[in-house]
Amino acid sequence: MRIVAEYNSFTISSTVKSTPKISGGLLTSIKEKVLGKNYELSLVFVGTKRARKLNNEHRQKDYATDILSFTLDDDAGEIIINPDKAKKKAKEFERTFENYLVFLFIHGLFHLKGFDHGSRMEAEEARVRRLFKI
């Protein structure tokens with residue numbers, strides 16, 4: 001795994017050859033808005049095999065997913081994104097690849113904040129997307 005970027009309490013790393021190009025500054029601002037400045041967050045881009053393995057190990061789902069979120073403790077978590085799966089799903093949502101990655105990132109942040117899928121989570125995600133024009 002190689003570190004792509006490091007910020008105060010936010011690290012972006014990758015295990016894939018071609019790391020997506022998204023603004024670390026934008027992601028940091030969104031992370032701080034949702035989770036706060038002191039929340040320790042790691043964002044990792046992984047390949048399809050690794051995403052499938054993690055999804056199977058942690059959720060007992062035997063397929064690769066585009067995103068996984070793991071709470072490590074009250075003030076730390078990790079978001080795993082599979083760019084290959086995200087690229088395919090971006091088309092389904094009629095978003096650019098980069099835009100969909102930020103969309104996913106916001107979704108993962110709210111899971112780390114303790115939200116489950118539902119109308120309240122969707123409303124909070126939409127509020128943050130509007131704020132950052134995503």
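Student: Quick one to start: what is the relative accessibility of E57?

Tutor: E57 comes out at 42% relative accessibility, so it counts as partly exposed. Buried means under 20% relative accessible area, exposed means over 50%, and partly exposed lies in between (1.4 Å probe, protein chains only). Keep in mind that this is a predicted model, where local features need pLDDT of at least 70, side-chain atom pairs count only at pLDDT 80 or more, and totals for chains, interfaces and linings use all residues. Residues are numbered from 1 along each chain as its sequence is written, and side-chain values use heavy atoms, leaving out hydrogens and water.

Student: Got it. Which side chain does E57 meet in a salt bridge?

Tutor: K53, at 3.7 Å from N to O. A salt bridge here is a side-chain nitrogen of Lys or Arg within 4 Å of a carboxyl oxygen of Asp or Glu. K53 is also partly exposed, at 45%.

Student: Why are those two about one helical turn apart?

Tutor: Because E57 and K53 sit four residues apart in helix α2. Helices are DSSP runs of H or I with at least four residues, strands are E runs of at least two, and both are numbered from the N terminus.

Student: How many salt bridges does the whole structure have?

Tutor: Four turn up in a search of the whole structure. One of them joins D62 to R52, at 2.9 Å from N to O.

Student: And where do D62 and R52 sit?

Tutor: D62 is in the loop between α2 (48-59) and β4 (67-73), while R52 is in helix α2, so this pair, 10 residues apart, links distant parts of the chain. D62 is partly exposed at 47%, and R52 is partly exposed at 40%.

Student: What about helix α5, which residues pair there?

Tutor: E124 and R127 form a salt bridge with an N to O distance of 2.9 Å. They lie three residues apart in α5 (residues 119-132), so about one helical turn separates them. E124 is partly exposed at 24%, and R127 is partly exposed at 34%.

Student: Switching topic: which residues form the negative surface patch?

Tutor: E40, D73, D74 and D75. Patches take residues with over 30% relative accessible area and no salt bridge, joining like charges within 9 Å and nonpolar side chains (Val, Leu, Ile, Met, Phe, Trp, Tyr) within 5 Å.

Student: Where is E40?

Tutor: E40 belongs to strand β3, which covers residues 40-45. With a relative accessible area of 45%, E40 is partly exposed.

Note on methods:
Areas by Shrake-Rupley, 256 points an atom, 1.4 Å probe, with all protein chains shown as cover. Lys, Arg positive; Asp, Glu negative; His and termini not counted. Charge placed at Lys NZ, Arg CZ, Asp CG, Glu CD.
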